[in-house]
Amino acid sequence: MKKLFIFLFAICLAQIANAQFRIEAGGAYGGFGNNNIFLFKTISLNTSRNIASGMGFDVNVSYNIKLDGNEKNVGLSIAPGVGYFMNNVSIKGESGTLRTQWIQVPLCVVYDAPIGYSSCTLVSSVGLYYGYALKGTYIDPTGTNNGFDFINAPVGERLLRRNDFGFCAKLGLLITKNIGFYLGYNRGFLDISDSRGYVARLNSFRFGVMLSL
């Protein structure tokens, strides 16, 4: 039994030695799906016609653990990670913006496929993520509700739940061994609305620059 544990430990060390970091940073364009959102005090957001998707920010660091071989940017790997995500939506006809900030923890399966004889590599990944809302702020410099935190608000005034869980996928291209770009999509499975009778599911399209170390 002791030899078995030593053998498994050696395998883990070998896999970690073959791991590589990837850093992704860029923009996010998304909002809340399923038409219905929630009622923000005196502002009704009960249909998709009341809101518009907005630009946010996306940054993610992953630790790609190789599952086959040890050559960089080649083959299959599993990639746990952590990221910061800002999701914004604007209110049509108003000057206000709803800004939510999240920590997201994805776990993805990644496949790197070199293209031809060049140094380019096609990177594809699919997996699941857990999200935790840090803050949700209503931004309206001309209104009385500016700065209202609708996630950290007391029970009864809180509009979104903190916890989210969903699907994530990305497709990228490394144009050198270290630098490339990516496109991605996240979709929440959970209804994160904390207002009775309303539904909100997070979704976002993501794009940016990828650095492979």
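User: In this predicted model, is Asp58 buried or exposed?

Analyst: The model is a prediction, and the answer rests on a computed relative accessible area. For Asp58 that area is 1%. The cut-off for burial is under 20%, so Asp58, at 1%, is buried.

User: Which residue forms a salt bridge with Asp58, and is that partner buried or exposed?

Analyst: The closest N and O atoms of the pair are 3.1 Å apart, and a salt bridge needs a separation within 4 Å. The partner of Asp58 is Arg206. Because its relative accessible area is 5%, Arg206 is buried.

User: Which strands does the pair of Asp58 and Arg206 tie together?

Analyst: The two residues are 148 residues apart in sequence, so the salt bridge joins distant parts of the chain. Asp58 belongs to residues 51–66 and Arg206 to residues 201–212. Those segments are strand S4 and strand S10.

User: How many salt bridges does the structure hold?

Analyst: One of them pairs Arg22 with Asp112, with the closest N and O atoms 2.7 Å apart. Another pairs Glu24 with Lys170, at 2.4 Å. With the pair of Asp58 and Arg206, the structure holds three salt bridges.

User: Where do Arg22 and Asp112 lie, and how many residues apart are they?

Analyst: Arg22 and Asp112 form a salt bridge at 2.7 Å. The bridge links distant parts of the chain, with Arg22 in strand S1 (residues 20–33) and Asp112 in strand S6 (residues 97–114). Both Arg22 and Asp112 are buried. Along the chain they are 90 residues apart.

User: Which strands hold Glu24 and Lys170?

Analyst: Glu24 and Lys170 form a salt bridge, their closest N and O atoms being 2.4 Å apart. The two residues are 146 residues apart in the chain. Each of them is buried. Glu24 is in strand S1, and Lys170 is in strand S8 (residues 163–174).

User: Which side chain of opposite charge is nearest to Asp164?

Analyst: Asp164 is in strand S8. Asp164 is buried but has no salt bridge. The nearest side chain of opposite charge is 7.6 Å away, while a salt bridge must fall within 4 Å. That side chain belongs to Arg206.

User: Which side chain does a polar contact join to Asp164?

Analyst: Beyond four places in sequence, Asp164 touches several residues, including Trp102, Tyr130, Gly188 and Leu202. Tyr129 is also among those it touches. The polar contact spans 2.7 Å, and the side chain it joins to Asp164 is that of Tyr129.

User: Which residues touch the most other members of the largest nonpolar core?

Analyst: In soluble globular proteins, nonpolar side chains tend to be buried together. Here the largest nonpolar core has 27 residues. S1, S5, S6, strand S7 (121–139), S8 and S10 each supply at least two of them. The residues touching the most other members are Phe32, Trp102, Phe150, Leu160, Ile192 and Leu202.

User: Leaving aside neighbours within four places in sequence, which residues is Ile192 in contact with?

Analyst: Ile192 is one of the core residues that touch the most other members. Phe32, Trp102, Leu160 and Leu202 are listed with it in that group. Its contacts are Phe32, Trp102, Leu159, Leu160, Arg161, Asn163, Asp164, Ala200 and Leu202.

User: How many disulfides does the structure have?

Analyst: A disulfide is a covalent bond between the sulfur atoms of two cysteines. For Cys168, the closest cysteine sulfur is in Cys108 at 3.6 Å, which is too far for a bond because the cut-off is 2.5 Å. Cys168 is buried at 7% relative accessibility, whereas Cys120 is partly exposed at 21%. The search of the whole structure gives zero disulfides.

User: Is Ser77 buried or exposed?

Analyst: Ser77 lies in strand S5. Its contacts beyond four places in sequence include Asn64, Leu67, Cys108 and Val110. Because its relative accessibility is 1%, Ser77 counts as buried.

User: What distance separates the C-alpha atoms of Ile91 and Gly54?

Analyst: Ile91 is in strand S5 (residues 75–91). With a relative accessible area of 5%, Ile91 is buried. Ile91 and Gly54 are 37 residues apart along the chain, and their C-alpha atoms are separated by 9.8 Å.

User: What does the secondary structure of the protein come to?

Analyst: Along the sequence the pattern is α-β-β-β-β-β-β-β-β-β-β. Of the contacts with a separation of 6 or more, 67% are between residues 24 or more positions apart. The total is one helix and ten strands.

Conventions
Residues numbered from 1 in each chain as written. Predicted model: local features only at pLDDT ≥ 70, side-chain atom pairs only at ≥ 80, totals over all residues. Heavy atoms only, no water. Helix = DSSP H or I, 4+ residues; strand = E, 2+ residues; numbered from the N terminus. Buried < 20%, exposed > 50% of the residue type's maximum accessible area, 1.4 Å probe, protein only. Core = buried A, V, L, I, M, F, W, Y, C linked by side-chain atoms within 4.5 Å. Contact = heavy atoms within 4.5 Å. Lys, Arg positive; Asp, Glu negative; His and termini not counted. Polar contact = N/O pair within 3.5 Å; in protein donor to acceptor, adjacent residues only side chain to side chain.
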